[in-house]
Amino acid sequence: MDGYTLPTYSINVSATAVAMGAAVVDPVLTISYSMNDVFNGETRVDIAFTARTGVVGALTLKDIICRLVWRDIDDGQVLYEVAGHLGADDQIVGGIRNLYMAAMQNSVFDSFMFALDPMPNPEQVFLSIDNPAGNPRSSWKNANFFSLTQEGVEGANNLVTDEYLSEIYEEFAGGTVRPTYMMLTDISDLSVLNMLLGVVDRANNHLMIELDGSIPPLDAANLYESIYTPDQRVTTYYNGNKALPRDATNPNVPKVFRSCMGVQFGYRLLRNAATDQNGVPPLQIPIAGYDFPINYRGMEVGYKLTEAVLNRLAEVKIIPVRFEERWIFGDVLTNYSRTDSQLYLSNAAEIETYTANGVIQIIRRNLLKPMGNHIRQSTDQCKEFLDQCVAAGLLVPSEELDGLPYQLSITPRAGREFDASDVIFNRRCETAARASYLTTTVER
Amino acid sequence: MTFQTTKILGAAPGVQYQGVQDNSGGPPRPNLSIGVVVGDFKRGLIDRMFPVTKETIRARLGYDPDNRAYQVVQDALDLGVPQVWVRRIRGRIGPSEE
C-alpha cells in the first residue's frame, strides 16, 4: 500500500512447537503474511492441523489441512479465517484449496506465503504436534488450536501520509462506492479535514463534523471558527450534554459526553429511504427539532447553553443538541456564510446537491450519443426528474423564475455546436423556519 | 431445417435479432444511502472503506465505547441503519485516546 509499510508476521511450526516469530528451533513450516487490517494488539491467531478424511494409504502434504483463525481476544469473535492443504498450489483436493490459494481468496491479505523446509513427513510433524499420543484427528471439533498473539504495531499511528490521504480522496470522489455523507469526529488533523473538503468539492456530497462535547461550548466555537469553511455542504454538530454510556448496566455509573452525529446520520438515512411513489426522498424535512429526538438514557445538561452561548454557536454555524421538551438537534444551519441565502439551511443545501447531482447523472448518461439524442433525452429525463422533485415538495415556486419552481434548458453550445451542450438549471429549494417574530397587543 | 435467427442477416431468409433494447428504466437517481465514518479505530482494513453492521461492529472495529467515531457507527446502527461504512484514518495501539 502506498504511504505505509504493512507489518509482516511469521508463524513457525516444528515437530514440537508452534510460535509467532523466530522462537521456534528448526521450523519445518513457516507461514508469512501481511494484512490490510492493522490490529492494535487485542487479537490472537489460532492455528491447527487435521488430516483429510477418507485417505487410503500414507498421508501426503495435500492431505494435511491447516486452519488459521483470527479472533478478538476478549470475546473470541472470528475476524478472519483461512483453511487449506499444504500441497501444491494448483491442487484442489476434495474441494479444499491449497493454503496459499485459500488465503488469496480473502482480500484482507496483502501478502501470504508458506514454506516447507525441509520437506517434512506430514504425520510426524503436523499431526504429532496436534495429538502426540493418538491418531491423526480429522475433525476441527477435536483439533488442538494453538493460540498466538498477533502483536500490535508500533508506528501504526503514522498512517496519515500525503499518499494515504490521496488514496482516500480518490476512493471517496471517484470510487465505485461513493459516500453521500462523510462524518468526522476529530478535527485535530487539518490534512484530513482538507482532504474531505476536497472530496466535497469534487463529488458534491456532504461532510458532517462533530466537535468534542467535553470542550465547553464557547471554546468549541472559538476552535471551530479558526478552521471554519463557509460551504453549504458542511454541517457541524456539538453535544455538550451527558448521558449514560450506551452499554451501562448500572444507572449509577458516571455519565459521559456522548457523540450525537450517529443519530443525525441515522435519521438522515431513514428519511432518505422514505421515498414517495416516484422514488424521491423527502429532503425538504430537515433533521432537527421535535420530530427527531435523541433518546440517550439519562441525558442531562453538561454545559449550560445560555442565550449568549447559543448566539455564539449560531454565529459560527454550529448546531447544538439542546432540550426543548425532549433532546433535539437545535438548529438547521449549514456552514454557508451568508444568512440571507437559502443555502445556509441544511434542507435547502441537501436539495441543492440532490437536484444538481441528479441532473449531472442524467447528462453523463447521455454523453457520447448523437447530439440530437443527447439534447432530447437529457431534456426529457431531467424534466421528468425535476417534476418529480417538485411533486415531492423539494422545489417550490419562485418569483425570480416566473412563478416556476425551476427552469431548465439544454441546448447546443455556441461555437461548439457539434460536440458540446449548454445546460442551464435554475431552481428554488424548499427552506426551513428557524425563527419567528411575534408582535402582540392587548386590546380594550 | 427452420429459418435461421441471426444477429446480422445475409441473403438467406431468416430473422435478424440483436437482443432486446431496454427502454423500461427511468432517469437515474443519486444514491443517498451511503455514509462513511472517517476515524481512528482499533482495527479494521486500512486500504479501503468497509461496511459494518450491528452483528459485525465489534469484530470489525474492536470494542471501543469511549471512542466518539465508534459511537457514531454504533448509534446509527442502533437507530436501524442496516450498515455504516467506515474508513480508518489511523491505526492505534492501546486504549482510546479520545
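Biologist: In E3(B), what is the bridge partner of A:Leu184?
Modeller: In this predicted model, A:Leu184 has B:Val38 of E3(B) as its bridge partner.

Biologist: Which strand of chain A pairs with E3(B), and in what sense, parallel or antiparallel?
Modeller: The partner is strand E9 of chain A, residues 181-184. The pairing with E3(B) is parallel and runs over four bridges.

Biologist: Turning to the whole interface, how many residues are in contact?
Modeller: Chain B contributes 49 residues, which are in contact with 75 residues of chain A.

Biologist: And what area do the two chains bury between them?
Modeller: About 5,400 Å² is buried between chain B and chain A, with 56% of that on carbon and sulfur atoms.

Biologist: Which three residues supply more of chain B's share than any other three?
Modeller: They are B:Arg29, B:Leu32 and B:Arg68, which supply 14% of the area that chain B buries against chain A.

Biologist: How many salt bridges are there across the interface?
Modeller: The rule finds eight between chain B and chain A. A salt bridge also joins the side chains of B:Arg87 and A:Glu171, at 2.6 Å from N to O.

Biologist: How many residue pairs are in polar contact?
Modeller: The count between the two chains is 31, with both residues of each pair at pLDDT 80 or more.

Biologist: Which elements of chain B give two or more residues to the side that touches chain A?
Modeller: Those elements are strand E3 (35-40), helix H1 (57-61), helix H2 (68-78) and strand E5 (84-90). H2(B) gives the largest share, eight residues.

Biologist: How do the residues on that side divide by type?
Modeller: On the side of chain B that touches chain A, 22 are nonpolar, 10 polar and 17 charged.

Terms used: Residues are numbered from 1 along each chain as its sequence is written. Chains are lettered from A and ligands numbered from 1 in the order in which they are written. This is a predicted model: local features need pLDDT of at least 70, side-chain atom pairs count only at pLDDT 80 or more; totals for chains, interfaces and linings use all residues. Side-chain values use heavy atoms; hydrogens and water are left out. Contact means heavy atoms within 4.5 Å. Buried area is the accessible area (1.4 Å probe) that two parts lose on being put together, summed over both. A salt bridge is a side-chain nitrogen of Lys or Arg within 4 Å of a carboxyl oxygen of Asp or Glu. A polar contact is a pair of N or O atoms within 3.5 Å; within protein, one must be able to donate a hydrogen and the other to accept it, and residues adjacent in sequence count only if both atoms are side-chain atoms. Ala, Val, Leu, Ile, Met, Phe, Trp, Tyr, Cys and Pro count as nonpolar, Asp, Glu, Lys and Arg as charged, and the others, Gly among them, as polar. Two strands pair if DSSP finds at least two bridges between them.
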